[in-house]
Amino acid sequence: MHDTSPAARRILDRPSSVRLTPDDALTLVREASPHDLCARAMDERLRRHGHAAYYVFNQHINFTNECVNACRFCAFSKRPGSPDAVTHTVDDIRAMIRRRLGQPVREMHIVGGLNPKLPFSYYLELVRAVARERPEAAIKAFTAVEVAHLADVEGRTEEDILAALMEAGLMMLPGGGAEVFSPALRAKLCPEKISGERWLRVHAKAHGLGLPTNATMLFGHIEAWEDRIEHLHALRALQDKTGGFLCFIPLPYQPGNNPLSARGPDGADYLRTIAISRLYLDNIPNLKAYWVMAGIKAAQMALWAGADDFDGTLVEERVGHAAGADTPKGLTVTELRQAIAMAGFTPVERDARFRPVEGG
Ligand code: V47
Ligand code: SF4
């Protein structure tokens with residue numbers, strides 16, 4: 001237990017209209033007590049969202065785990081041709097959706113590995129099929145990494161790929177693939193993956209086309225606080241220009257079943273990261289406590305450290321669970337609402353674009 005240093009106190013006492021610099025953020029994460037940092041982030045959260053904590057009725061679909069990249073932290077992907085590689089046809093996916101047709105799903109979260117055997121026509125057909133099966137749900141699909149892959153394979157611009165997907169029914173990009181933007185870390189963690197710069201460029205292009213997106217940061221592996229703050233800084237700078245990010249999601253690294261020998265963040269580190277994200281990203285409205293990777297208990301506490309969103313029901317999530325997340329593969333709405341209410345917040349159902357749902 002340490003007390004907040006005078007330097008950190010001065011930063012905490014400033015009005016929230018004064019932006020944090022990267023140095024301010026480093027002082028806070030190193031020199032503010034956990035209580036003072038979380039309390040300041042909680043004030044910020046209350047100012048924006050009151051005691052509401054949002055959740056969405058969603059379904060995850062991972063259409064292929066075959067991936068030409070081999071990110072060191074990823075336990076989900078399989079090498080092309082591996083006996084464990086699974087790629088679903090559009091008909092398989094229709095069947096997965098029909099199994100849940102009785103449920104009021106509002107968001108379809110669809111992502112996959114980079115599978116060179118899948119032509120662009122498959123992606124368009126997939127989006128059109130999901131839009132037909134689930135007209136009431138928003139389709140949030142394909143990370144910037146997948147969009148860049150499709151652009152490269154097709155020899156088309158990223159805007160072209162995004163525009164064609166939007167015409168088929170795409171309504172949002174998820175925030176995956178951002179990892180940490182530092183080139184030196186990417187060389188160690190995910191050398192085949194697009195650069196952080198390109199990830200940001202794809203999101204900027206999406207925003208330019210009127211497609212909102214989320215952003216993530218994978219943390220608690222081999223990065224330092226400086227890398228985390230630089231990552232937040234790059235997101236804040238892009239958001240100043242475009243305003244297209246709806247939500248930021250810090251993803252605590254899961255250490256299971258992958259070749260990267262790192263431990264993953266503990267609960268105190270998770271809360272500190274949530275709190276500094278709320279304070280630094282003054283222009284991104286929502287902050288997600290992703291219970292799948294954080295664990296339900298830590299996600300509940302994150303609502304007291306600046307987070308306002310609890311993600312969703314997520315049937316059959318695979319990326320976090322492949323890496324050893326010991327959370328359930330899905331929660332019922334009753335369980336989600338209960339977790340939020342027991343933490344002292346008001347559960348509010350939202351749609352994919354973070355608009356409260358009538359009666360939710
Ligand atoms: O990009 C891979 C991460 C991400 C591990 O936009 C890992 O609403 C932890 O982006 N430990 C995919 N994380 C998940 C994602 C996401 C999740 C929920 C909501 C949204 C949204 C986006 O999962 C990947 C990668 O950064 N990941 N392996 C691991 N071992
Ligand atoms: Fe492929 Fe994504 Fe896994 Fe990297 S994180 S290996 S790009 S599925």
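The following exchange examines a predicted model through its ligand site, its core and some backbone features. Local features need pLDDT of at least 70, side-chain atom pairs count only at pLDDT 80 or more, and totals for chains, interfaces and linings use all residues. Residues are numbered from 1 along each chain as its sequence is written, chains are lettered from A and ligands numbered from 1 in the order in which they are written, and side-chain values use heavy atoms, with hydrogens and water left out.

Trainee: How many nonpolar, polar and charged residues are in the shell around ligand 2?

Mentor: A residue is near a molecule if one of its heavy atoms lies within 4 Å of it. Around ligand 2 these are Cys67, Asn69, Cys71, Phe73, Cys74, Phe76, Ser77 and Lys193. Ala, Val, Leu, Ile, Met, Phe, Trp, Tyr, Cys and Pro count as nonpolar, Asp, Glu, Lys and Arg as charged, and the others, Gly among them, as polar. The shell therefore has 5 nonpolar, 2 polar and 1 charged residues.

Trainee: Which helix gives the most residues to the largest nonpolar core?

Mentor: A nonpolar core is a set of buried Ala, Val, Leu, Ile, Met, Phe, Trp, Tyr and Cys residues joined through side-chain atoms within 4.5 Å; buried means under 20% relative accessible area, exposed over 50%, partly exposed in between (1.4 Å probe, protein chains only). Of the 117 residues in the largest such core, Leu28, Ile110, Phe142, Trp199 and Ile276 touch the most other members. Helices (H or I, at least four residues) and strands (E, at least two) are DSSP runs, numbered from the N terminus. With 8 residues, the helix that gives the most to this core is H5 (residues 120–133).

Trainee: How many residues of helix H6 are buried, and what covers them?

Mentor: Helix H6 spans residues 144–154, and 8 of its 11 residues are buried. Among them are Glu146 and His149. In terms of contact (heavy atoms within 4.5 Å), the cover includes strand S3 (107–111), H5, helix H7 (158–168) and helix H9 (196–208).

Trainee: Is Glu179, with its positive phi, buried or exposed?

Mentor: Most residues other than glycine have a negative phi. Glu179 has a phi near 50 degrees and lies in the loop between strand S5 (170–172) and helix H8 (183–189). Its relative accessible area is 8%, so Glu179 is buried.

Trainee: What is the relative accessible area of Phe354?

Mentor: Phe354 lies in the segment after strand S10 (346–349). Its phi is positive, about 70 degrees, although Phe354 is not a glycine. Phe354 is buried, with a relative accessible area of 11%.
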